[in-house]
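User: I've got a model open and I'd like to learn how to read it properly. Can you walk me through it, one feature at a time?

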Amino acid sequence: MSTPATRREPPRVGDQPLFRRLLIGVVLVLGAFLILAPLIIIGVEAFAKGWAVYRDTITHPDTRHAIMLTVLAALVAVPVNTVFGIAAAWAITKFDFWGKRFLLVVIEIPFSVSPIVAGVAYLFVYGLQGIFGPVLDEYGVKILFAIPGIILASMFVTAPFVARELIPLMQAQGRDLEEAATSLGASGWRTFFSVTLPNIKWALLYGVVLCNARVMGEFGAVSVVSGNIRGQTNTLPLHIELLYHDYQAAGAFASASILALIAVFTIIAKVALERQGAGRIRRPALAANTAEKTS
Amino acid sequence: MRRNVLPGLPLSLGVTLFYVGLIVVLPLAALVFKAASLGPEDYWRIVSSSRALASYRVTVLSALGATVFNLFFGLALAWVLTRYRFPGWRIVDAMVDLPFALPTAVAGIALTALFTTNGWFGSILGDLGIKVAYTPLGIMIAMCFTSLPFIVRTVQPVLEDLDPALEEAAQSLGGSDWAIFRKVILPLLTPALLAGVSLSFARALGEFGAIIFIAGNQPMSTEITALLIFIRLEEYDYQAAAAIASVLLLTAFFMLALTNWMQSRALRYTARG
């Protein structure tokens with residue numbers, strides 16, 4: 001249907017000015033109350049006791065340690081999940097094998113499991129009541145209530161983040177380019193780095209950014225496995241809880257303001273990456289392409 | 001099926017299965033094993049104790065309330081963001097993801113500060129006789145916050161792809177806007193709405209960090225199931241923690257199956273149209 005540029009578009013459903021203004025107004029007011037206000041109050045409360053208190057909290061050794069631990073968890077968990085995400089996407093989108101749909105569902109499980117349940121589950125693997133706990137204890141290996149436990153729990157919670165961005169995209173891109181490259185004699189690694197990677201780089205980065213935000217902010221799963229030892233196994237979110245329950249609200253909000261800032265940067269990065277086309281192929285497309293048999 | 005010439009299946013599938021096995025399957029299997037080792041009688045006694053039942057009730061009811069609110073607000077937000085252009089709509093669109101990006105503990109203390117009796121909203125609502133913080137209403141608001149993006153982000157792409165010709169046809173037949181919305185647009189959105197609702201509900205059931213600060217955490221009234229598990233752990237009652245956690249895990253599996261079924265149905269629906 002070719003529409004001349006001069007023709008006025010007919011009004012669509014819900015385009016009456018009054019209704020339109022009313023709906024925009026209601027949505028903006030509710031959004032301001034529910035989403036914007038929490039962000040603003042973090043800043044307000046963080047500086048409620050003045051700049052000096054803010055600076056003292058941020059530079060306090062316990063806070064600095066919590067920041068370091070949070071960064072460390074991200075530095076380990078994010079790259080490992082990135083490698084996993086790439087491997088999973090390559091296996092699932094470039095090959096057909098029995099149980100593929102089931103594997104897709106298993107990869108997505110951490111999204112639906114409560115973080116507390118994840119933490120408890122890790123207790124029954126590496127804790128003293130768990131499968132490997134007694135053996136590990138005998139050899140003096142400490143996983144729970146120590147840094148490895150925090151990292152493992154973060155990995156569980158964020159396991160699907162990179163994979164779910166890559167799988168629908170690589171599914172849609174198909175296998176032709178890679179097949180052409182290998183048939184011309186390129187090795188598997190070369191094919192991946194010079195053919196696949198350039199096509200998925202924005203989606204990959206998108207997944208990494210979201211994965212990082214979640215690792216740095218994870219609370220429930222980490223609070224079960226960390227043991228909450230101040231200055232030792234407290235990540236930033238746990239440190240916030242500790243300060244808050246210690247009646248140091250200003251300190252809690254000061255620490256929270258760091259994480260809120262990371263969240264805002266995450267959203268800015270997300271929007272920038274979406275402009276590059278990342279995150280555009282959404283979940284329904286994933287199912288569509290897996291359902292469609294490769295001819 | 002055609003012959004595959006690409007290399008890397010053993011390596012990539014090996015890494016995937018090893019990682020999924022170690023990080024996802026092993027811990028969940030250990031939890032199920034631990035819960036199963038209790039024996040049916042002990043298991044039933046724990047998961048049906050009055051405190052556990054009260055925690056399910058407050059969790060499920062709050063999650064239902066939050067999901068119903070998000071169904072309407074999420075649909076309105078998705079509608080406004082796809083249909084209307086106004087100054088700053090891009091910022092609003094980006095802000096919808098804030099609940100995903102903001103750590104739950106941060107959201108929890110922020111919402112509590114807003115809704116306590118001397119907070120910005122709490123003081124106004126208090127004058128009206130509504131108490132939010134440390135009541136089930138507070139739990140609901142925390143759940144609304146964390147699950148809102150699910151419904152917006154599942155409905156938005158479907159609204160964007162809606163063919164204007166369908167509306168034009170209905171308009172030319174003389175349908176009122178409300179009739180067209182109800183009889184033409186809503187049925188097309190229903191599969192996405194249902195998928196968003198189940199995602200949102202599942203997330204609300206498992207939420208912990210955002211809720212515990214605002215909930216009050218009184219046993220039998222404002223204690224959510226995730227918190228009860230945590231309390232049992234702190235009491236070193238690992239069996240009870242395992243049993244109640246297994247209830248949440250089974251619910252999560254059920255919701256996952258439901259969501260997958262709804263999404264595949266949604267797909268068949270759009271594929272037909």
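Analyst: Sure. Let's begin with helices: a helix here is a DSSP run of H or I with at least four residues, and helices are numbered from the N terminus. Keep in mind that this is a predicted model. With that in hand, take Ile262(A), which sits in helix H13 (residues 249-275) of chain A.

User: How many helices and strands does chain A have?

Analyst: Chain A has 14 helices and zero strands. Going along the sequence, the pattern reads α-α-α-α-α-α-α-α-α-α-α-α-α-α.

User: Back to that isoleucine. Is Ile262(A) buried or exposed, and why?

Analyst: The general idea is to count neighbours: a residue is buried if 20 or more other C-beta atoms lie within 10 Å of its own. Ile262(A) has 21 within that distance, so it is buried. For the chain as a whole, 47% of the 295 residues in chain A are buried.

User: Which residues does Ile262(A) touch, if I skip those up to four places away in sequence?

Analyst: Ala213(A) and Met216(A). For a contrast in distance, try Arg20(A): it is 242 residues from Ile262(A) along the chain, and their C-alpha atoms are separated by 34 Å. Across chain A, take the contacts with a separation of 6 or more: 76% of them join residues 24 or more positions apart.

User: What does the domain assignment of chain A give?

Analyst: Domain 1 covers 14-46 and domain 2 covers 50-291. The C-alpha centres of these two domains of chain A lie 31 Å apart. Their contact takes five residues from domain 1 of chain A and eight residues from domain 2 of chain A. On the domain 1 side, the residues that touch domain 2 split into three nonpolar, one polar and one charged.

User: And between the chains, how many residues does the contact take from chain A and from chain B?

Analyst: It takes 80 residues from chain A and 82 residues from chain B. Helix H1 (residues 17-46) of chain A supplies the largest share of chain A's side, with 16 residues. By class, the chain A side has 56 nonpolar, twelve polar and twelve charged residues.

User: What about the confidence scores: what ipTM and pTM does the model get?

Analyst: Both ipTM and pTM come out at 0.91. Chain B averages a pLDDT of 91, and 96% of its residues score at least 70. As a reading habit, don't read predicted coordinates in detail where pLDDT is low.

Conventions:
Residues are numbered from 1 along each chain as its sequence is written. Chains are lettered from A and ligands numbered from 1 in the order in which they are written. This is a predicted model: local features need pLDDT of at least 70, side-chain atom pairs count only at pLDDT 80 or more; totals for chains, interfaces and linings use all residues. pLDDT is the predictor's confidence in each residue, from 0 to 100. Two residues are in contact if their C-beta atoms, placed from the backbone, lie within 7 Å. Helices (H or I, at least four residues) and strands (E, at least two) are DSSP runs, numbered from the N terminus. Ala, Val, Leu, Ile, Met, Phe, Trp, Tyr, Cys and Pro count as nonpolar, Asp, Glu, Lys and Arg as charged, and the others, Gly among them, as polar. Domain bounds come from an automatic or database domain assignment. A residue is buried if 20 or more other C-beta atoms lie within 10 Å of its own, exposed if 12 or fewer, and partly exposed in between; C-beta atoms are placed from the backbone.
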